[in-house]
There are 2 protein chains.
Amino acid sequence: VTQESRPVRTAAIIAVGSELLTPFRSDTNSLAITGRLNEIGIEVASKQIVGDDPRDLATAVTAALERADLVVVTGGLGPTSDDVTRPTIARMLDLPLEENGEVLERIRQRFAGRGLAMPEINRGQAMVPRGATALANANGTAPGLWIKVEHRRVLLLPGPPREMQPMLDVVVREYLAPSSGNMRLYRRVIKIAGRAESYVETLAQPVYSRWLAADPRISTSILAAPGQIELHLGIRSDSADRARMSLERAIGQLKAVLGLDIFTDDGQSLEEVVGGLLRARGWRIAVAESCTGGLTSSRLTDVPGSSDYVDRAAVTYSNRAKVEWLGVPEDLIRDHGAVSEEVAGAMAIGVREGAGVEVGIGISGIAGPGGGTEAKPVGTVVIAVAWDGGQRVQAFRFAGGRAQVKFQSSQAALDMVRRWLLEQPQSAGRRA
Amino acid sequence: VTQESRPVRTAAIIAVGSELLTPFRSDTNSLAITGRLNEIGIEVASKQIVGDDPRDLATAVTAALERADLVVVTGGLGPTSDDVTRPTIARMLDLPLEENGEVLERIRQRFAGRGLAMPEINRGQAMVPRGATALANANGTAPGLWIKVEHRRVLLLPGPPREMQPMLDVVVREYLAPSSGNMRLYRRVIKIAGRAESYVETLAQPVYSRWLAADPRISTSILAAPGQIELHLGIRSDSADRARMSLERAIGQLKAVLGLDIFTDDGQSLEEVVGGLLRARGWRIAVAESCTGGLTSSRLTDVPGSSDYVDRAAVTYSNRAKVEWLGVPEDLIRDHGAVSEEVAGAMAIGVREGAGVEVGIGISGIAGPGGGTEAKPVGTVVIAVAWDGGQRVQAFRFAGGRAQVKFQSSQAALDMVRRWLLEQPQSAGRRA
């Protein structure tokens, strides 16, 4: 495949899979694809989802080719009979399918690497439409396909995200970016914890409404995600330096009104931010959680390298575990109840001292749907942060179902740790 | 609007809004719409997302009307200039827009209720295509619209879910259900753990391929989700009893070939299934996890009521935590390494005995990206299940990034517990 002289400006995305037409699944690949295409200045004009039906797929691709310079199809490249993408596209573009020896060998080797013979059914994945370029799949058997259709392009990608994404990166870098010109879309994502959307909007709207008239124009959208409010800033520019400067200036204006409520101006997760703050101080953390059931610890350990600063976590659903592992005095639980400032504080102190680390978290609450009382309804959660010589305890009342209460509780706990860490000097050294 | 004699069997859904073509937002309305339509036997044949662009919307509606009996359009009914749905549909169907006094009065009253005069811009929302029926909006100003196009139907709904949903309920109840006959779509979701897609397909395909020719026909799709393979069965029938019987017979045939690899035939999550098995025996569980960082415990406690059978969990990233909380002998870690059958087994035994419960899980592994060695590369995970008088230990090598290794490890651990529990009689009573 050679570099194309005619630049690709618009794309249409088609996701294939009958399961995506049920009430249970939504297409998430298209979001990642849109993001990567936007980065090199390609706008997405339409997205469509069709079932495992050759006729519907052909109709969708035909319409998409009329609208867009690039048609991206994800899914339906598997080895089974309901994987219709490869034969359907080949037929509608009138390209004969030919077995590709190199692709076949790669599939064989993938099975051989796990000590298996390639099942005969996977042979079909080595069939490549004449003139198409097969794209190696580092994480699965289905190759991607890159096809020129006169001055348009068709890109077929596997459905599983971890197979799709590396392939998309290659296509963007090698086939699309070189002919895309210098115009790029630059984005920054700012996230705010512990505030309602209306609070953020009231402070931020007077700031970002001015940017619409600026040159270059900065577009902003505000988005209420679980446990956080996000501001998405975007700017189209042919100069990376100028775009970065404009975005930095804009972010500075937002920080002037929102202050420490902003936990990232670069799209990081809260667990990444907390991990970075701990690492910068050389400190470690231990977690004692009840109603969150391990979610706080699981989020902290989602970050690569987190074993450097996460020492341990205790999920103490039973009161006995609170006593045995954390040293929470039994009479404290009896007198105040497990969901109380006293017990959450004792959990944070107990897990920190037992682990011999700098920071401890204690979380106790009622995730629901059962277990609520009039005084402590479902959603009541008490969170404590403990350090050498001090602690902070805060009570919350979260709305939503069990999953929402769990997530918001872990978010509030991580945010309390973040705010406390920001007050501690980086050069403090170990305090355990 | 009168009841229609010709039943609606297929639908296409179009979501309108340029924000739905960015990397940050996905269309969730279509899931709710699909669920409601499926209930009365209407299948969704395609979903599309277009921006606030009259030409793109008209193209999408034209294609949808060729494919489906019912076209549902959500979004773009607001009062501003980028709300293109109403005028675009009226123009393409050649229906003049006429001001509807009743609708105008409702909008006026909505503003008056908050002590406001109706802004002139909202007057456009009272424009109704000739022959269309306006649908009252209890939660906003934009009315929905129900339009007959020969033997097809077009339904326009507002984008905000809380405005869309009540209107959809009215349309389903009053316009669609009466002419839908008794025909309904019945579904069952079967999930398999611990097996590759090709293995499941090889065994299941000869079974479900026969159903296509059966009467009533059962459609099947196979889906590789993280850590599990799913088979989605669907049947259209005018008799709930007959549909249920057909589905039960079909599931029986799948069980005959897939056996205990099937962990649910009714869409349950693995953590729900394990919880149900524990509850049926009156047993409790304790978890000791290292590389999964709390994910196994968090999944178990995602299930409402899980505090009945989850006693505690230890996330022992540090070796010291393994020794102190779980009683893992230090020399075991020194001699065999933390990721070993010996240490995973000792973790499961230690957490179980410490908690005094019937079942213990121990998980130790290397989630990556760092920490791998030649002998124990990233993805090496050892899992143990311990009970009174016995244990099972199994070593795995999982592919993928940190998140995939974490999830697959928790899935394998829960599946080991499930398989062991299935061998234990339900009437066993407490064994601690």
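A cavity is a set of grid points where a 1.4 Å probe fits but cannot get out, and its lining residues have an atom within 4 Å of a point. The structure examined here is a predicted model.

**Exercise 1.** Determine which residues line the largest cavity, and describe their classes.

*Solution.*
Step 1. The count comes to 1 cavity of 30 Å³ or more. The largest cavity holds about 80 Å³ of space.
Step 2. Its lining consists of A:S26, A:D27, A:S30, A:K47 and A:I49, together with B:S26, B:D27, B:S30, B:K47 and B:I49.
Step 3. Two or more of these residues come from β2 of chain A, and likewise from β2 (43-50) of chain B.
Step 4. Sorted by class, the lining comprises 2 nonpolar, 4 polar and 4 charged residues.

**Exercise 2.** Compare the expected span of helix α2 (residues 54-67) of chain A with the distance between its end C-alpha atoms.

*Solution.*
Step 1. The expected span is 1.5 Å times one less than the number of residues. For the 14 residues of α2(A), this gives 20 Å.
Step 2. The end C-alpha atoms are 20 Å apart, which agrees.

**Exercise 3.** Explain how the buried residues of α2(A) are arranged around its axis.

*Solution.*
Step 1. Residues with under 20% relative accessible area count as buried. In α2(A) these are A:D56, A:L57, A:A60, A:V61, A:A64 and A:L65.
Step 2. They lie on the same side of α2(A), because they cover an arc of only 160° around the axis.
Step 3. An α-helix has 3.6 residues a turn, so residues three or four places apart point the same way.
Step 4. A:R55 and A:E66, on the other side of α2(A), are exposed.

Conventions
Residues numbered from 1 in each chain as written. Chains lettered and ligands numbered in written order. Predicted model: local features only at pLDDT ≥ 70, side-chain atom pairs only at ≥ 80, totals over all residues. Heavy atoms only, no water. Helix = DSSP H or I, 4+ residues; strand = E, 2+ residues; numbered from the N terminus. Buried < 20%, exposed > 50% of the residue type's maximum accessible area, 1.4 Å probe, protein only. Arc of directions from axis to C-beta. 1 Å grid on protein atoms, 1.4 Å probe; cavity = no way out; pocket = protein on both sides within 12 Å on 5 of 7 lines; lining within 4 Å. Points joined across faces, edges and corners; volume = space filled by probe spheres on them. Nonpolar A, V, L, I, M, F, W, Y, C, P; charged D, E, K, R; others polar.
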